[in-house]
Amino acid sequence: MYPIIDAHAHLWLRQNGLIDGRKVISKPNGRADFMGEERQMMPPYMLDGANTAEMFLSNMDYSRVSAAVITQEYMDGLQNDYLAEVAAKYPDRFLCCAMVDVREPGFLEQARQLIDSGFRAMKLPAQRLIMSDRRIWLTSEPMMELFDLLEKRGVILALELADGDIQVAEVEEVIAAHPDLKIAIGHFGMVTTPHWQEQIKLARHKNVMVESGGITWLFHKEFYPYRGAVAAIRESADLVGWDKLMWGSDYPRTMTAITYTMSYDFIEKTNEMTEEEKAAFLGLNAERFYGFERSKLIELPYIVNMVE
């Protein structure tokens, strides 16, 4: 049995984010004030706005997911302090990404401090750098200094991009200047938007991978069993190879529509992929790319449901 590893999930104690000058704040019952609009940000049983490691571990254990990569997003606010605690408490279950706010001065020194404290990956929600009043280019001098730091320190960059190919040329320049920087492209290249394949093609570079966090959200109108998502995964494999693709859930936001198990079992149940392809996509590629140790990955039994 291969390990199942989630390459894209979120944790926080409290949301306190900012997108283009507008706030995102936790509310009770899984809801949030999302830039002035009330949204169901998490499942309604998350009563106090806290999206904790223990709640996620319960879901992971039930769904037989051995480990997860915890990423961050500006909409949630910086969660570095909490994620440092999570990584220390559950080192074999979680690889946590640090995050700095590159929209504010002093981020490079903060990045150094976070790396020195033990973070082995860093998240950059680059789609948030295209703002109504300005744009921060990935190729700007301060950003290239950040990428140079990550490359030299062996820190993985988790990178989300704007729709389609808007920022692809910038990323190509970053890769050319920092060929040893390991990069994971998130949200499966914003599949379902025009020219999404251009983001996938970035994984033709030796140190670049693609993870599918949010793919069930992007194919939400189609819904389970997400045949369009399976077709997109197969198309991507034709472009870059099965060894370049990783599964991600985007927990807990996607759990407002489906269960955690549903976020990956449509892959297990499809007849459009071989068992070897499923194993690579659901765990083996992430194990290799993020450096999880097989001997430390927990093996979880299947628990029979009361409805079975």
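This report describes a sheet, some aromatic rings and one buried serine in a predicted model.

## Basis of the description

Residues are numbered from 1 along each chain as its sequence is written, and side-chain values use heavy atoms, with hydrogens and water left out. Because the model is predicted, local features need pLDDT of at least 70 and side-chain atom pairs count only at pLDDT 80 or more, while totals for chains, interfaces and linings use all residues.

## The sheet

Four strands (DSSP runs of E, at least two residues, numbered from the N terminus) form an open antiparallel sheet in the order E2-E3-E4-E5, where two strands pair if DSSP finds at least two bridges between them. Strand E2 (16–19) and strand E5 (37–40) are the edge strands, each pairing on one side only, and the twist averages 25 degrees from one strand to the next.

E2 and strand E3 (residues 22–26) are joined in the antiparallel sense over four bridges, and Lys 23 in E3 is the bridge partner of Leu 18.

## Aromatic rings and charges

One aromatic cluster is formed by Phe 56, Tyr 90, Phe 94, Trp 247, Tyr 251, Tyr 260 and Tyr 264.

The charged end of Arg 103 sits over the ring of Tyr 74, 4.1 Å from its centre, a placement that requires CZ of Arg or NZ of Lys within 6 Å of the ring centre and within 35 degrees of the ring normal. Lys 182 lies over the face of Phe 289, at 4.6 Å from the ring centre.

## A buried serine

Ser 63 lies in helix H1 (residues 53–63), a helix being a DSSP run of H or I with at least four residues. Ser 63 counts as buried because its relative accessibility is 2%, and buried means under 20% relative accessible area (1.4 Å probe, protein chains only). Leaving aside residues up to four places away in sequence, Ser 63 touches Tyr 260, Thr 261 and Tyr 264, with contact meaning heavy atoms within 4.5 Å.

Note on methods
Axes fitted to C-alpha atoms, helices over the stretch in contact; angles between N-to-C directions. Phe/Tyr/Trp six-rings, centres within 6.5 Å; stacked < 30°, edge-to-face > 60°. Buried < 20%, exposed > 50% of the residue type's maximum accessible area, 1.4 Å probe, protein only.
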